[in-house]
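Trainee: Could you walk me through this model and tell me how each label is earned?
Mentor: Gladly, let's have it in front of us.

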Amino acid sequence: MTKSTLDRQVEVHLLDHEVRYTQGRRSVVNALARAAGPMSAAELSEVVGESVPLSSLYRTLSVLEEAGVVAHHLGAKGLTRYELAEWLTGHHHHLVCVECGQVADIEIPSSHEEIVRDLVARIASLASFQPSDHALEIEGRCAECA
Ligand SMILES: [Zn+2]
Ligand SMILES: [Zn+2]
């Protein structure tokens, strides 16, 4: 998906939710679209720079999250990171490095995804739970920390 298609999708979605797609919100969405994984507010702030001061960055993120454009990811050490919602980026999972704290997106082949979905369904059925979605998080060491 090209960046402009994504930008357009967000624009239409926000319009539906009566949320203005301001320059600041645009910068945040574009920064997240280019990221290799969920980003913390501090990391995002470095990318968007002065266009969105840290004070309004949190507000921007919560407006976008409330509108369903951004989702948050809670790290093992309680660090909140942000990413675009899966309807924009596609279903994926996360690799979490326990050394450096990096969180990277990983898309797995559909044959593997089927196995995961099947396993999730089996686990959930043990508790008579109807799964609607899942998020797989693999902890370990990234290539740089290994
Ligand atoms: Zn690492
Ligand atoms: Zn999956």
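Mentor: Let's start with the zinc ion (ligand 1): its protein donors are C97 (SG), C100 (SG), C142 (SG) and C145 (SG), lying 2.2 to 2.5 Å from it. Some ground rules: this is a predicted model, where local features need pLDDT of at least 70 and side-chain atom pairs count only at pLDDT 80 or more, while totals for chains, interfaces and linings use all residues. Residues are numbered from 1 along each chain as its sequence is written, chains are lettered from A and ligands numbered from 1 in the order in which they are written, and side-chain values use heavy atoms, with hydrogens and water left out.

Trainee: What makes those four sulfur atoms donors of the zinc ion (ligand 1)?
Mentor: Donors are N, O and S atoms within 2.8 Å of the metal (3.2 Å for Na, K and Ca); water is not among the atoms, so sites may look incomplete. The SG atoms of C97, C100, C142 and C145 lie 2.2 to 2.5 Å from the zinc ion (ligand 1), so they count.

Trainee: Why is the arrangement around the zinc ion (ligand 1) called tetrahedral?
Mentor: Four donors count as tetrahedral if all angles lie between 85 and 135 degrees. Here the four donor atoms subtend angles of 101 to 124°, so the label fits. As a reference, ideal angles at a metal are 109.5 degrees for four tetrahedral donors.

Trainee: Which spacing do the donors of the zinc ion (ligand 1) follow along the chain?
Mentor: The spacing is C-x2-C-x41-C-x2-C. Distant parts of the chain are linked by the pair C100, in the loop between β4 and β5, and C145, in the segment after β6, 45 residues apart. The element names come from DSSP runs, numbered from the N terminus: helices are H or I, at least four residues, and strands are E, at least two.

Trainee: How do you know whether C100 and C145 are buried or exposed?
Mentor: Buried means under 20% relative accessible area, exposed over 50%, and partly exposed in between (1.4 Å probe, protein chains only). C100 has 42%, so it is partly exposed; C145, at 25%, is partly exposed as well.

Trainee: What coordinates the zinc ion (ligand 2)?
Mentor: That ion is coordinated by H91 (NE2), H93 (NE2), E113 (OE), E113 (OE) and H134 (NE2), at 1.9 to 2.7 Å. Along the chain, these donors follow the spacing H-x1-H-x19-E-x20-H. Again a pair links distant parts: H93 is in strand β4 (residues 93-97) and H134 in the loop between α6 (110-125) and β6 (137-140), 41 residues apart.

Trainee: Why are H93 and H134 called buried?
Mentor: Set their values against the cut-off: H93 has a relative accessible area of 1%, so it is buried, and H134 counts as buried at 14%. Strand β4 is mostly covered, with four of its five residues buried.

Trainee: What makes β4 and β6 a pair?
Mentor: Two strands pair if DSSP finds at least two bridges between them. Four bridges join β4 to β6, which run parallel, so the condition is met. In β6, I138 is the bridge partner of L95, and C97 stands opposite G140. Four bridges also join β4 to β5, which run antiparallel, and there L95 has A104 as its bridge partner.

Trainee: Why do β5 and β6 count as edges?
Mentor: The open sheet of three strands has the order β5-β4-β6, with mixed pairing. β5 (103-106) and β6 each have a single partner strand, so one side of each is left without a neighbour in the sheet.

Trainee: How do you know that the length of helix α4 (residues 54-66) is as expected?
Mentor: The expected span is 1.5 Å times one less than the number of residues. For the 13 residues of α4 that gives 18 Å, and the end C-alpha atoms are 19 Å apart, which agrees.

Trainee: Which residues of α4 are buried, and why are they said to line one face?
Mentor: L57, T60, L61, V63 and L64 are buried. Seen down the axis of α4, the buried residues fall within an arc of 165° (taken from the directions from the helix axis to the C-beta atoms), so they line one face of the helix. The face turned away carries the exposed residues S55, R59 and E66.

Trainee: Why is A67 called buried?
Mentor: A67, in the loop between α4 and β2, has a relative accessible area of 6%, so it is buried.

Note on methods:
Four donors count as tetrahedral if all angles lie between 85 and 135 degrees; four count as square planar and six as octahedral if opposite donors are over 155 degrees apart and all others between 65 and 115; anything else is irregular.
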